[in-house]
Amino acid sequence: MSLKGKVAFLTGGVGGIGQCITKNLLDSGVTVVLFDLNKAKGEETQKKLEAEYGKGKVHFISGSVTKKEDIEAAFKEAVDKYSRIDYMFNNAGIMDDAVWEAQIDINLYPQLYEKTGVKVIAFCPGLTETELLTAGNFGTMFQAFISQAPPEQRAKHPSQKPESIGVAIPKILQEASNGSIWVVEGGEPGYEISIPFYPEWKVQNA
Ligand SMILES: NC(=O)c1ccc[n+]([C@@H]2O[C@H](COP(=O)([O-])OP(=O)(O)OC[C@H]3O[C@@H](n4cnc5c(N)ncnc54)[C@H](O)[C@@H]3O)[C@@H](O)[C@H]2O)c1
């Protein structure tokens with residue numbers, strides 16, 4: 001299945017992973033609507049990518065995934081402009097336990113796929129070198145933690161550049177079946193995983 005001519009809507013679209021996904025979607029002929037809180041970076045990204053891929057190939061809309069009215073308005077704007085949305089990436093996220101209420105709002109609240117007939121794929125990046133892991137309270141804490149972690153533990157969680165995710169996405173979109181779960185880590189190609197039905201996880205003596 002070719003991705004050419006499709007339209008994607010990507011929340012958190014101008015972050016580290018979002019930008020890499022966008023680039024690879026554009027290379028596959030997909031038009032990308034970027035939705036992000038960071039207006040300055042969003043406008044700059046749209047300008048830069050339109051110069052490279054052509055006017056209208058990227059469209060930035062600012063707003064927050066925690067605000068239903070922002071999401072609804074952004075969807076309307078995207079559908080008015082392109083008449084369709086084929087792929088929805090629920091990618092916006094923060095890591096900061098100091099503002100845990102916002103963290104839950106942003107990472108868990110937006111359930112954007114409510115209607116039937118929508119293919120849902122869970123995509124799980126391994127440790128990826130973006131501002132999420134280096135900036136702010138969480139970044140400082142995480143960097144201190146990782147520098148002290150024993151080598152065997154670090155080896156279990158190999159890190160990667162966000163470009164590895166961008167490269168993996170078009171293939172996953174083409175191959176993934178509904179309800180499938182995919183991992184990309186350590187800069188390796190993405191692979192599908194299966195989670196056993198929970199009774200198989202029962203602790204025998206519990
Ligand atoms: N970096 C990793 O190691 C890693 C690992 C697993 C999962 N993830 C997940 O991948 C996603 C992208 O992470 P990243 O590493 O690119 O982080 P990032 O910090 O580089 O980018 C996150 C983007 O989300 C945007 N954003 C934050 N709050 C928002 C809101 N309320 N509304 C709209 N946009 C908002 C930010 O402006 C930013 O552009 C996140 O959901 C993160 O939890 C990241």
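Which residue in S6 does Ala122 stand opposite? To find out, open this predicted model and select strand S5, residues 122-125, together with strand S6, residues 181-184. Ala122 stands opposite Ile181 in S6. The two strands pair in the parallel sense, over four bridges.

**From S6 to S7**

Keep S6 displayed and add strand S7, residues 191-193. Here the pairing is antiparallel, with three bridges joining S6 to S7. Show Trp182 as sticks, and then Glu192, its bridge partner in S7. S6 and S7 form a hairpin in which six residues lie between the two strands. Within the turn, select Gly186, whose phi is positive at about 60 degrees.

**The four-stranded sheet**

Next, select strands S1 to S4. These four strands form an open sheet in the order S3-S2-S1-S4, and the pairing is parallel. The edges are strand S3 (58-62) and strand S4 (87-89), each of which pairs on one side only. Viewed along the sheet, the twist averages 15 degrees from one strand to the next.

Zoom in on strand S1 (residues 7-11) and strand S2 (residues 31-36), which run parallel and are joined by five bridges. Thr11 can be selected together with Phe35, its bridge partner in S2. Now add helix H2, residues 39-53, which packs on the sheet and touches S2 and S3. The direction of H2 makes about 175 degrees with that of S3.

**Helices H1 and H8**

Select helix H1 (residues 16-27) and helix H8 (residues 163-175). Their axes are 7 Å apart, and the two helices pack at an angle of about 40 degrees. H1 and H8 are therefore oblique to each other. Their crossing is right-handed.

To display the contact, select Ile17, Cys20, Ile21, Lys23, Asn24 and Leu25 on H1, then Glu163, Ile165, Gly166, Val167, Ile169 and Pro170 on H8. By character, the residues of this contact comprise eight nonpolar, two polar and two charged.

**The ligand**

Finally, centre the view on the ligand. How many residues surround the ligand, and which are the closest? There are 25, of which the closest are Gly12, Gly15, Ile17, Gly93 and Thr130. H1 and helix H5 (131-134) are the elements that give two or more residues to this shell. Colouring the shell by residue character separates 11 nonpolar, 12 polar and two charged residues. Ile17 links the last two stops: this residue belongs to the H1 side of the contact with H8 and is among the residues closest to the ligand.

Note on methods
Residues numbered from 1 in each chain as written. Predicted model: local features only at pLDDT ≥ 70, side-chain atom pairs only at ≥ 80, totals over all residues. Axes fitted to C-alpha atoms, helices over the stretch in contact; angles between N-to-C directions. Parallel < 35°, antiparallel > 145°, perpendicular 65-115°, else oblique. Left-handed = near helix turned anticlockwise from the far one by under 90°. Contact = placed C-beta atoms within 7 Å. Nonpolar A, V, L, I, M, F, W, Y, C, P; charged D, E, K, R; others polar. Near = placed C-beta within 6 Å. Pairing = 2+ DSSP bridges.
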